Amino acid sequence: MTTPALNLSNIELHYGFVRALDSVNFHVNPGEIVGLLGDNGAGKSTLLKVMSGAHRPTTGKIEVNGRELHFHTPKDASDAGIQMVYQDLSLVEAQDIATNLQLGREQLRPFPFNLFGIVDHGAMQRSSAAQLDRLGVRTAPMTRPVEMLSGGQRQVIAISRAAVRVMEGNKTGHNGIILLDEPTAALGYEQTRLVEGLILKMAQEGIAIVLVTHNLPLCFKVADRIVVLNRGRKVADVRKNDTDNDSVVGWITGAKAAEVTA
Amino acid sequence: MTIADPSPQSTRLPFNIAALVFVRERGIIVLWVLLLIFFAIYDHPYFASVSNFLLILNAASLTAVFAAGVGIGAISGTLDLSVAGVAAFSSVVAGKLIILGYPVWLALIAGMSVGILAGFVNGLITRRGLNPLVVTIGTLSMLSGLAAVVADGYTIPGLSKLTFMGTARYFGIPAHVYIVTVVYLIGTIFLTKTRDGIRLVAVGGNPEAVRRVGINSARYQLLGFVLCGACSALGGLMTAALVTEASPQANPGSIFEALTAVALSGVSLGGGRGSLPKVFVGAAILATISNGLTIAGVPPYWATVTTGVLLISALVIDRTLTRTISERLVVMSGHISHPKKP
């Protein structure tokens, strides 16, 4: 029995009288991809925000790699090796791929230039290319501004940045956790394929992945396990191979009785 | 496994798009060169001389310093209209200290400091979520009032100690040209080569994205205001040095000329993009038009008209080019807006 990378137990979250999350148990193992599904307002975004440290649950326990943690801010979660990729892209449009990938951890030129904060563009481009290579991503030259990339390429860059950060900033003793909020919402077919490939590759690297999406085909293609929320409750937690499209739609719409097998 | 990008643009842009990008990025420089050639022919033989070129650069200098401030502000995502007020206040403070017998260097440092302080205050107030336009209009009015208080409402004359950074020439080149060169050199290196500069530009483009990677983006917005205040103060001191007197009257013309140069250079007023050397070319274009038309004997108000026409055409062309480029890129990358069945 492996220790889950991220384990949430009995999470409750109340907004005033509204119970957004109702004793939800949720876990994701290293290298596992869990599809988190549900209708609008079912609580999946809220649950994702609890995992990313943006919301504090009213009650409940959060464990990362078997250790109980309390997230007060998103930074606490990111220090614990959890990276969230938001639905609206978090890239600076006018700047190039390398700058976007290294934002916040820019490499400086050696002494004496580092005293003036002079960055080493060449080194940043080389390490960006190496990082993307490791993830098997080939998009465009590192000097291409993000605004000149397609939607899929941008999404791949945003996800790769999160992946690099959990893999390299790894002082946490686990392979990291990536939370994806609707990564293919605005993408066409080919573009979705790009993102799909990257998600699978990250799981191969041992990263635990939580995928919130409305895109059922994507979910069935990449997820190992599917969790469905309905009105703040977990109504399904099943291995992908044990279920089918109709059942999942039944759980999402509330037409099918709850089933927690995995 | 390789996540290969299916689109063909992976390595190089095709020629026609590269050409459009070139026109968008370098068009302003081409325009300046064309204007120089046009006036050299039209005003032959009076325009095309080294001494006239230095006159143009000198005339562009003041606008260029203010434009550097407005430009850095705009790139960092804020619009500071208090430029003229800061300039008046800092020149009056420096002028008053010189008249009172303090050493010139101390007066200059004091003048620069009040400018930096004004930028800091602008930034702190704006940080509360207020609109920078309105806040800086407020500080503009406050500072020009304060300048009048310091100067007792009158222009401070007799600042001949400042001519070394005003009308003086070194090796035949006006002092202002040296100052502008230093400002633009440092500013350009800062924005393109240093960590803080790159982050400043990034904050202008998308503050939320910068915040999400764990950088304090509010600090960089504050820095944008401070740099704008410093440039404004320097412009005020240069103005005082040029006319050897410090006027408490804020000159609204300076902010509009600076804004014109900034907009002409393609700096997005929405923030996040723009380059300082092009801002300088913007200021130089304004000075070239005014110089060339004056030599030709055309009444000076036609220079203003021409500037307005140029500005609006530049905006229209920039918008059209940006749209065409992104449309072509989308077509090329095979982006399909409606997912097709596998």
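Here is a friendly exchange about the strands and domains of chain A in this predicted model.

Biologist: How many bridges join strand E10 to strand E11 of chain A?

Modeller: Strand E10 of chain A covers residues 225-230, and strand E11 of chain A covers residues 233-239. The two run antiparallel, and one pairing to look at is Leu229(A) with its bridge partner Lys234(A). The bridges that join these strands number six.

Biologist: Thanks! Which residue takes a positive phi in the hairpin of E10(A) and E11(A)?

Modeller: The hairpin has two residues between the strands. A positive phi near 50° is found there, at Arg231(A).

Biologist: Is the crossover from E11(A) to E12(A) left-handed or right-handed?

Modeller: E11(A) pairs with strand E12 (residues 259-260) of chain A in the parallel sense, over two bridges. Ala236(A), for instance, has Glu259(A) as its bridge partner in E12(A). Between the strands, the chain passes through helix H8 (residues 245-253) of chain A, and this β-α-β crossover is left-handed.

Biologist: Now to the domains: how far apart do the C-alpha centres of domain 1 and domain 2 of chain A lie?

Modeller: The domain assignment gives domain 1 of chain A three segments, 1-81, 178-191 and 208-262, while domain 2 is 93-169. Their C-alpha centres lie apart by 29 Å.

Biologist: Which elements give two or more residues to the side of domain 1 of chain A that touches domain 2 of chain A?

Modeller: Eight residues of domain 1 of chain A are in contact with eight residues of domain 2 of chain A. On the domain 1 side, these divide into five nonpolar, two polar and one charged. The elements giving two or more residues to that side are strand E8 (177-181) and helix H6 (189-204) of chain A.

Key: Residues numbered from 1 in each chain as written. Chains lettered and ligands numbered in written order. Predicted model: local features only at pLDDT ≥ 70, side-chain atom pairs only at ≥ 80, totals over all residues. Pairing = 2+ DSSP bridges. Helix = DSSP H or I, 4+ residues; strand = E, 2+ residues; numbered from the N terminus. Right-handed = clockwise from strand over helix to strand, strands pointing away. Domains from an automatic or database assignment. Contact = placed C-beta atoms within 7 Å. Nonpolar A, V, L, I, M, F, W, Y, C, P; charged D, E, K, R; others polar.
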